[in-house]
Amino acid sequence: MSLSLQASLVSQVFCVALIASVGTRFWLASRQMRHVRQHRAAVPAAFASTISTEAHQHAADYTLAKTRFGMLAEALGAALLLGWTLLGGLDALNAWVHDLVVPRWGDLPYQLALFGAFSVIGGLLDLPLEWYRTFHIEQQFGFNRMSPRLFVLDLIKSTAVGLAIGTPLLASVLWVMGATGNWWWLWAWGLWTGFMLLMQVVYPLYIAPLFNKFKPLEDATLAGRVQALMQRCGFQAKGFFVMDGSLRSAHGNAYFAGLGKSKRVVFYDTLLARLLPAEVEAVLAHELGHFHHKHVLHRMLMIFALSLLGLALLGWLANQPGFYFGLGVTPNLPGTSSNHALALLLFMMTLPPFLFFIAPLIARSSRKAEFEADAYACAQSNGADLSSALLKLYEDNASTLTPDPLYVRFYYSHPPASERLAALPR
Ligand SMILES: [Zn+2]
């Protein structure tokens, strides 16, 4: 295939995926908004005795505001992606960084600098959106607890952590791409897999505590109850933590994280404050259900398999000149400097429109895992308590009770309240 033909094919496939994914997202978002608006007036019958009209309408308005904002962010993201690719943004950035860095410092620093420059620009462009989301939408609905000062501190901290972890990882991947020949993608996959496994241990133990405080339970009666349940479920006795989620947001949550020694169940203080002891036990039993069914492990295996496919694809694409030209970038001439960073950036940038179409499969397996964890909680604790705890969680987070069913299929990692509570005894 001639280069120009290959390049135009790449452009066309990319444009079709981008238009199809953005179009589908907009269509789904407008369905969701219509559905929520249509059901805003009255609380659904199944919740009439437990949720007030006021709370129901608060959830509807919050969902509408979030979805509307999501559409704006989506449109801006698509425009930006076109700007980086077909309109020549990445090409111009690459030419500039290349001329600046290669003569002075050589190849690997150039590749790292290209990634760095791209991340800084992307981060700065993202900042106003994140600011608006926090200080307008979350604020307006009474969820934000973050001060502008904390926002800036978080930004500085996460940038520093990202640099400290990302730079060595990226440098090793780029080195592997250059040093291991045609099978580099397999080596890179091994590196990536090792890194992900390491992060499962490092993140809960060393990184999350940079942003939040994690404490053992203080309430002695509750602690006794929690211990008893954890022992019954075969979970390490010291794995229960309370996190000061109230530092940033009024949203409540609980989650299961880590592998091996870092394995833990984390409750936000905001959720803990709202639940009765029996409800805490039921939610904990749900989280232990994820542990029992090895959901963290399954999800990681899925990510490993997907990244192997992705890297193998990139291993092939990176050698096709049409991949670069078709996405608006002139690759560096062979023998001058490497194209690995360019290939990696282009790939990471253009993958999401394609991945969007497997999102429903991933969401479905996640919802299935939630049902399994709920069933485990019913067996080990009490379904009625789980039911009332979940109801508080849905209400406190202003999750709509009436989402569009198709929107749920695409995006929801957790079943909507109606389906989830229907599966539980009351
Ligand atoms: Zn869960």
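**Zinc site, salt bridges and aromatic contacts**

Both His290 and Glu370 turn out to be buried (buried is under 20% relative accessible area, exposed is over 50%, and partly exposed falls in between, using a 1.4 Å probe and protein chains only). The model is a predicted one, where local features need pLDDT of at least 70 and side-chain atom pairs count only at pLDDT 80 or more, while totals for chains, interfaces and linings use all residues. Residues are numbered from 1 along each chain as its sequence is written, and side-chain values use heavy atoms, with hydrogens and water left out.

The zinc ion takes its protein donors from His286 (NE2), His290 (NE2) and Glu370, the last listed with two OE entries, at 2.1 to 2.8 Å. Donors here are N, O and S atoms within 2.8 Å of the metal (3.2 Å for Na, K and Ca), and water is not among the atoms, so sites may look incomplete. Along the sequence, the donor residues follow the spacing H-x3-H-x79-E. His290 sits in helix H9 and Glu370 in helix H14 (residues 359-380), so this pair ties together parts that are 80 residues apart in sequence. Helices (H or I, at least four residues) and strands (E, at least two) are DSSP runs, numbered from the N terminus. The angles among the four donor atoms span 51 to 135°, and the site is irregular. For four donors, tetrahedral would call for all angles between 85 and 135 degrees; square planar, and octahedral for six, would call for opposite donors over 155 degrees apart and all others between 65 and 115; anything else is irregular.

Helix H9 turns up again among the salt bridges, in pairs with H7 and with H15. The structure holds 13 salt bridges, each a side-chain nitrogen of Lys or Arg within 4 Å of a carboxyl oxygen of Asp or Glu. One of them joins Arg232 to Glu281, at 3.9 Å from N to O. Arg232 belongs to helix H7 (residues 220-232) and Glu281 to helix H9 (residues 277-292), so the contact ties together parts 49 residues apart in sequence. Arg232 is partly exposed at 47% relative accessibility, whereas Glu281 is buried at 11%. Arg225 joins these two residues in a network of salt bridges.

Helix H15 brings in two further pairs. Lys392 meets Glu279 at 2.8 Å, N to O; Lys392 is in H15 and Glu279 in H9, so parts 113 residues apart in sequence are tied together. Both of these residues, Lys392 and Glu279, are buried. Asp396 pairs with Arg274, with the closest N and O atoms 2.7 Å apart. Here helix H15 (residues 383-396) is tied to helix H8 (residues 269-274), 122 residues apart in sequence. Asp396 is partly exposed at 23%, and Arg274 is partly exposed at 34%.

On the strand side, E3 (residues 254-257) and E4 (residues 264-268) run antiparallel, joined by four bridges (two strands pair if DSSP finds at least two bridges between them). Phe256 has Val265 in E4 as its bridge partner. The two strands, E3 and E4, make a hairpin with six residues between them, and Gly258 in the turn has a positive phi of about 90°.

As for rings, a search of the whole structure finds 20 aromatic pairs. Among them, Phe410 and Tyr411 are tilted, at 6.3 Å centre to centre and 50° between the planes. Rings of Phe, Tyr and Trp (its six-membered ring) pair if their centres lie within 6.5 Å, with planes under 30 degrees apart counted as stacked, over 60 as edge-to-face and the rest as tilted. Phe410 is buried at 16%, while Tyr411 is partly exposed at 28%.
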